[in-house]
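Biologist: I have a chain open on my screen and would like to go through the terms people use for it. Could you take me through the reasoning behind each one?

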Amino acid sequence: MRKHNANNERIKRKYLVFLKQAKGQNESTIDAVAKAIARFESYNHYKDFKSFHYEQAIGFKKYLSKQKHHNTGEPLSLSTLNGTVRHLKTFIEWLSQETGYKSRIKYSDAQYFNLSEKDARMAKAKRQQSVATIEQIKHVLKVMPNNTPLEKRDRALIAFTLLTGARDSAIASMKIKHVDFNADTVYQDAREVNTKFSKTFITCFFPVGDDVRAIVFDWVTYLKNECLMGNDDPLFPKTKMSQGEDNDFKVNGLTNEHWASAAAIRKIFKSAFALADMPNFNPHSFRNTLAVLGETLCQSAEEFKAWSQNLGHEGVLTTFYSYGEVQESRQADIFKQLRQPHGNKLDTNVVELAKALANEMKNYHS
């Protein structure tokens, strides 16, 4: 059975280069686009893209809706379907402008990849996420063992994620020198740290407790004094494996190498929360926890702006839209408070914050 088309490969390569070099798309987005195109090619039996017809888009949507997730065996989610057809729509629109294709493919034919309005709304619907509380995370830190080098590392890893809100990909690439305990900051230098959008910024330690800071401080001290690591060594070194007498590989401490990806970090989080008999909260969810904390502590527009910048966001609306969801239980508490008489005076800080958000929303949508 045919699983390759030379013409398709050439034009796909050109499109992926266009996405990276002209559009500045990151590798994860490009991988998702390549996967979507590969799915369509497989469905279409690797026919040349020059033979594209809008009926192929209609048939592909029906085919995709019947596919099942390879791990769960459940039908693909609407968000997965929407993401796949959206990538294909953009690809066909681009293809219709290319030499050798524009005489064969209509730009408007790409529209047939659209889902129905109902399905598109459901795919984009924001679902409430469960957010770990500070107390829950601190409970996990208390339950975690702290004896071996690996146990110390894993515990400090979770404490550091709460203390800084750093993304797991950034943490995997950080070096000891990036943490400054005199200033209580982390320098996320994009030249060495894998930050989102290759952005360089300074993160101040979030006010989550001296006990959390102490865990990270003790870990860095241990790396320097006991492991004799230097400033350019990884903040969280990967596990060292060695071959025993029975030829089986076993854990043998720490290396002075970085993790190749954030996969190991996510596994550590999953094991830690399982040990504490709690639902799994991944590293990225800690940013939600910190956003909720910021909404509680910040009393002015300037304070929340600083909090938002500390998460690496350009504007406070990113924090609100992406991380600032009010939990249903908290929503009920807020409305109970609103039913109470407040008098005629509003806190000037609240007014200031509301005005600042209104102005930013106006600029955001203009």
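Modeller: Gladly; what follows is a set of questions about how the labels for this chain are reached. Please keep in mind that the model is predicted.

Biologist: Let me start with the overall picture. How many helices and strands are there in the chain, and what share of the residues is buried?

Modeller: The chain has 15 helices and 5 strands. Of its 366 residues, 40% are buried. As for contacts with a separation of 6 or more, residues 24 or more positions apart account for 60% of them.

Biologist: Why is Q56 called buried?

Modeller: The cut-off is under 20% relative accessible area. Q56 has 12% relative accessibility, so Q56 counts as buried. Its place is in helix α3, residues 54-65. Leaving aside residues up to four places away in sequence, Q56 touches F40, Y43, N44 and S51.

Biologist: And why is P237 called buried?

Modeller: The relative accessible area of P237 is 0%, so P237 is buried by the under 20% cut-off. P237 sits in the loop between α9 (210-225) and β4 (239-243). Not counting residues up to four places away in sequence, its contacts include R153, W219, L223 and W259. S173 is 64 residues apart from P237 along the chain, and their C-alpha atoms are separated by 9.4 Å.

Biologist: Now the sheet. What makes β1 and β3 edge strands?

Modeller: The open sheet is formed by 3 strands in the order β1-β2-β3, with antiparallel pairing. β1 (179-180) and β3 (201-204) each pair on one side only, and these are the edge strands.

Biologist: How do you know that β2 and β3 pair?

Modeller: Two strands pair if there are at least two bridges between them. Strand β2, residues 185-188, and β3 have 4 bridges in the antiparallel sense, so the condition of at least two is met. Among the bridge partners, V186 goes with T203 of β3, and T185 goes with C204 of β3.

Biologist: Which residues of β3 are on the covered face, and which on the uncovered one?

Modeller: F201 and T203 make up the covered face, while I202 and C204 make up the uncovered one. In general, side chains in a regular strand alternate between the two faces of the sheet.

Biologist: What makes the phi values of Y46 and F197 worth pointing out?

Modeller: Most residues other than glycine have a negative phi. Y46 has a positive phi, near 60°, and F197 also has a positive phi near 60°. Y46 lies in the loop between α2 (27-43) and α3, and F197 lies in the loop between β2 and β3.

Biologist: Are these two buried or exposed?

Modeller: Y46 has 16% relative accessibility, so Y46 counts as buried. F197 has 69%, so F197 counts as exposed, the cut-off for exposed being over 50%. There is also a glycine with positive phi: G312, near 90°, follows α12.

Biologist: Which residues of α12 itself are buried?

Modeller: In helix α12, residues 301-310, the buried ones are A301, F304, W307, S308 and N310.

Biologist: How many disulfides does a search of the whole structure find?

Modeller: The search finds 0 disulfides. A pair would need cysteine sulfur atoms within 2.5 Å.

Biologist: Why is C227 called partly exposed, and what is C298?

Modeller: C227 has 28% relative accessibility, so C227 counts as partly exposed, a class that runs between the 20% and 50% cut-offs. C298 is buried, because its relative accessible area is 10%.

Biologist: How many cavities of 30 Å³ or more does the structure hold, and which residues are closest to the centre of the largest cavity?

Modeller: There is 1 cavity of 30 Å³ or more. The volume of the largest cavity is about 70 Å³. It is lined by 15 residues, and A166, R167, Q188, F201 and R287 are the closest to its centre. α8 (168-173) and β3 each supply at least two residues of the lining.

Biologist: What kinds of residues line the largest cavity?

Modeller: The lining divides into 4 nonpolar, 8 polar and 3 charged residues.

Note on methods: Residues numbered from 1 in each chain as written. Predicted model: local features only at pLDDT ≥ 70, side-chain atom pairs only at ≥ 80, totals over all residues. Heavy atoms only, no water. Buried < 20%, exposed > 50% of the residue type's maximum accessible area, 1.4 Å probe, protein only. Contact = heavy atoms within 4.5 Å. 1 Å grid on protein atoms, 1.4 Å probe; cavity = no way out; pocket = protein on both sides within 12 Å on 5 of 7 lines; lining within 4 Å. Points joined across faces, edges and corners; volume = space filled by probe spheres on them. Nonpolar A, V, L, I, M, F, W, Y, C, P; charged D, E, K, R; others polar.
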